[in-house]
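Subject: Structure handover

Hi,

Here is the structure I said I would pass on. Have a look at it first, and then read my notes below.

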Amino acid sequence: MPEWKFSEMMRSAQIRFSDHSILRVVQILGKLGNWRRVLQVIEWIQSRERFKSHKIRYIYTASLDALGKARRPVEALNLFNRMLEQMATYPDIAAYHSISVTLGQAGHMKELFDVIDIMRSPPKKKFKTEFLEKWDPRLEPDVIVYNSVLNACVRRKNWEGAFWVLQQLSQKGQQPSSTTYGLVMEVMLACGKYNLVHDFFKKVQKSFIPNSLIYKVLVNTLWREGKVDEAMMAVNEMERRGIVGNASLYYDLARCLCSAGRCHEALKQIDKICQVANKPLVVTYTGLMQACLESGDVENGAYIFNHMQKFCSPNLVTCNIMLKAFLDHGRFEEAKQLFLKLLENGNSISREQDYKVKVLPDIYTFNTMLDACALEKRWDDLEFVYTQMLKYGNHFNEKRHLRLILDARRAGKDSLLEMTWKRLVKTERHPPPLLVAEMFSMRLEQGDCAAALSYIVNFASVESQLFSRKTWSKFFLENGHQFQGRVLEELVHEGSIVLLRDPNPALEHLIDSCKEFVSASHHIRHVQVGRI
């Protein structure tokens, strides 16, 4: 539904909306991630058409929450600033929590500190408080707000902010929670201060039982330090304490093991991940495969890729990652076999449901193979891949494919040029000037002057420098020896006839340059004959 239609529906509906009904609309839109509609509801409320709210602050707070879930920090901050303009909408602690979490997740440190200042300060705007003389909206940040600051510190890699939070809590006489310590450790990990991660972990052990978040940060720290055995020991210790690890903890441990070349041990963590994971299994296997490949271990990466097919089907992203890894490590034949397998999937599709289980190559797959074929100078393979690319409905891209086609032509593969030209004409796309010049050159080499001239007459633009007189002179000087017999003289003759019928600046430049070259060639031959 278009945005204007939604707004019109709200305005024209013969409904007397209540606070509860509007709140439910906002909450439902928030769950659907439709933040634009949420803002339209707010605009409708502000117009006050047939709606007088007694709990408008709750609606604004729910809207803040919806914008936060949709990861729209700028829009959420704008709405928060609107709330400051009225006493009825002035933020309470729930609104401060919502905007703080949203800004913290986005890493907006400055804006988050501005919110804290607003929280502690009296309203800048003077409100009429006749019935609420002692109304004071000032509040002190609590642990949720401070944890949001720590989230922002992780994104910004700002370790000083983490110590500021601890200092603020100390001044208030509050003991940091285990979650707060876990976030502080995460900040130190992001900043590369691994020694401080271990120091804070020891502090946590003195006052709390570390949770899975804290162990996750510890595992990642040990991974970056190259202490794989210590990471395994930390998780074993956690399990002995009866703490149930979350999926991301076991996933990070498995990736740690993969990066150290211990993929068989990593695969044993899959069972633990499956017990607590929400993500599809293919995502987990792809992450482990990537960890192997990022460490340069293509053998184990390929092993995981093959192993995962016993339990789930690789998706297109997984196949493309493996294809690129094979090519990057000089294993062209294995990449080719994987590519052919993807093409076979396309041939075996007979109904709509097959698309859900069969993986087909996309434009990234084709471009990756085309680049590899050109690099390896496998022109037959390049022709095959390019043909399949067009067959699968992908189009010629000048920036990606033109250079490949020209290189293939230099190697004797004229068919790619012909194929591309026919496709462009069929789809009524204007061919790039370089392609026009190459088609002209190819037809001239074949001795077909009429066809060669037709490309210049119909597709060459005089605005392009490629069809200037200077460029044509250079062209004949470098390529004149490739044309047989009296082809150039025939070109001049037929081109002159075309010019008499229909003047064309681009063709005129071509004929003039060709005349000069032919004349110069005849002069050189006469001089050489005279010397003999």
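A quick term before the contacts: a polar contact here is a pair of N or O atoms within 3.5 Å; within protein, one of them must be able to donate a hydrogen and the other to accept it, and residues adjacent in sequence count only if both atoms are side-chain atoms. The side chains of H97 and D142 are joined by one such contact, at 2.6 Å. H97 belongs to helix 6 (residues 93–106), where helices are DSSP runs of H or I with at least four residues, numbered from the N terminus. H97 counts as buried, at 17% relative accessibility; buried means under 20% relative accessible area, with a 1.4 Å probe and protein chains only.

Before I go on, the provenance: this is a predicted model, so local features need pLDDT of at least 70 and side-chain atom pairs count only at pLDDT 80 or more, while totals for chains, interfaces and linings use all residues. Residues are numbered from 1 along each chain as its sequence is written, and side-chain values use heavy atoms, with hydrogens and water left out.

Back to contacts. T286 sits in helix 17 (residues 281–294) and is buried, with a relative accessible area of 8%. Its side chain makes a polar contact of 2.6 Å with the side chain of T318.

Now the rings. Phe, Tyr and Trp rings (for Trp, the six-membered one) pair if their centres lie within 6.5 Å; planes under 30 degrees apart are stacked, over 60 edge-to-face, and the rest tilted. By this rule there are 20 aromatic pairs. One of them is F339 with F366, edge-to-face at 5.7 Å centre to centre and 85° between the planes. That pair links distant parts of the chain, with F339 in helix 20 (residues 332–347) and F366 in helix 21 (residues 363–376), 27 residues apart. F339 is buried at 1% relative accessible area, and F366 is buried at 0%. The F467 and W472 rings have centres 6.1 Å apart and planes at 40°, so that pair is tilted. Both F467 and W472 are buried, and ring pairs link them with F440, F475, F476 and F517 into a cluster.

K193 also has its charged end over the ring of W159, 4.8 Å from the centre (the rule: NZ of Lys or CZ of Arg within 6 Å of the ring centre and within 35 degrees of the ring normal).

Last, the empty space. On a 1 Å grid over the protein atoms alone, a cavity is a set of points where a 1.4 Å probe fits but cannot get out, and a pocket is an open set with protein on both sides within 12 Å along at least five of seven lines; lining residues have an atom within 4 Å of a point. Points are joined across faces, edges and corners, and a volume is the space filled by probe spheres set on them.

The largest pocket holds about 470 Å³. Its lining has 20 residues, with R410, E438, F475, E478 and N479 nearest the centre. Helix 23 (398–410), helix 25 (433–445) and helix 27 (469–479) each give two or more residues to that lining, and helix 27 has the largest share with 7.

There is 1 cavity of 30 Å³ or more, with about 30 Å³ of space. Among the residues lining the cavity are F339, M369 and F384.

Cheers

Methods: Buried < 20%, exposed > 50% of the residue type's maximum accessible area, 1.4 Å probe, protein only.
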